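Please find below some remarks on the packing and strand pairing of the structure under review. They are set out as numbered points.

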Amino acid sequence: GNDTYRVEVNGGVDAILDESGAGDVLSFGAGIAPGDLTLSETAGGIRVQVGAAAAETAVLLLDQSLAGGQAQPIEMFAFEDGTLWNSAQIDSHTNHAPAAVSTVPDQIARVGTAFSLTVDPFVDRDAGDQLTYSAAQADGQALPLWLAFNPTTRQFSGTPPVTAPGSVAVRITAEDLGGLRNSLAFAIGV
């Protein structure tokens, strides 16, 4: 507890896993202002990028210990100009990935009959963040010719022909303005 970790310009890429106590501080050196940071949720924690993505200064704040227990977060960011961010402010500056709030049940489409399905399975908790949607087959290939996806309305539509395969595995993906994605899959049986 009460640990202070220092980040300097051109300080390289480091990872921090703090497993004990409260009062931990990530301190930013001269030349690093709050506006220089980009915070993004990752599978392993939060990536704190200083400057452009190609810059050589970043810190990964790991959120789980190797033993699978919950690590303690960094509770404060401190800047040379005296600016302090508490845990809530750190979270509010972090870009979070879209979250799936529901699943899409497997569907049945009938040969020669119009099929339509509108989905809305994702939300993004970041204020003002907008999601962009895309769809493909679960293996990454384009949707079959008979099946269209409108990313604005999030609607799948089409009429399967006699030659349609027995089932199509579909993956819908939501991407936020920061480039974070989430996706889920469902099947359309024909």
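The points that follow concern a predicted model and take up its nonpolar cores, its aromatic pairs and a group of paired strands.

1. The largest nonpolar core comprises 20 residues. Within this core, the residues with the most contacts are Leu147, Phe156, Val170, Ile172 and Ile188. Two or more residues are contributed by each of β12 (115-118), β15 (147-150), β17 (167-175) and β18 (181-189). Of these elements, β17 gives the most, with four residues.

2. Which residues does Ile188 touch, once those up to four places away in sequence are set aside? Its contacts are Gln107, Ala109, Phe115, Trp146, Leu147, Gly166, Ser167, Val168 and Val170. Leu147 and Val170, like Ile188, belong to the residues with the most contacts inside the largest core.

3. Another core lies apart from the one just described and has 16 residues. Among them are Leu37, Val50, Ile74 and Trp85. As a general remark, nonpolar side chains in soluble globular proteins tend to be buried together.

4. The aromatic pairs number seven. One of them, formed by Phe79 and Trp85, is edge-to-face, with 5.3 Å centre to centre and 65° between the planes. Phe79 and Trp85 are both buried. Ring pairs also link these two residues with Phe28 and Phe77 in a cluster, and Trp85 is in addition a member of the 16-residue core.

5. A further aromatic pair, that of Phe149 and Phe156, is tilted: the centres are 4.6 Å apart and the planes make an angle of 40°. Are these two residues buried or exposed? Phe149 has a relative accessible area of 16% and therefore counts as buried, the cut-off being under 20%. Phe156 is buried as well, because its relative accessible area is 0%. Phe156 is also named among the residues with the most contacts in the largest core.

6. Strands β4 (residues 37-42) and β5 (residues 45-50) pair in the antiparallel sense, over six bridges. The connection from β4 to β5 is a hairpin through two residues. Within this pairing, Ser40 has Arg47 of β5 as its bridge partner.

7. How many bridges join β5 to strand β6 (residues 57-62)? There are five, and the two strands run antiparallel. In this pairing, the bridge partner of Val48 is Val59 in β6. Strand β5 thus has antiparallel pairings with β4 and with β6.

Technical notes: Residues are numbered from 1 along each chain as its sequence is written. This is a predicted model: local features need pLDDT of at least 70, side-chain atom pairs count only at pLDDT 80 or more; totals for chains, interfaces and linings use all residues. Side-chain values use heavy atoms; hydrogens and water are left out. A nonpolar core is a set of buried Ala, Val, Leu, Ile, Met, Phe, Trp, Tyr and Cys residues joined through side-chain atoms within 4.5 Å. Buried means under 20% relative accessible area, exposed over 50%, partly exposed in between (1.4 Å probe, protein chains only). Contact means heavy atoms within 4.5 Å. Rings of Phe, Tyr and Trp (its six-membered ring) pair if their centres lie within 6.5 Å; planes under 30 degrees apart count as stacked, over 60 as edge-to-face and the rest as tilted. Two strands pair if DSSP finds at least two bridges between them.
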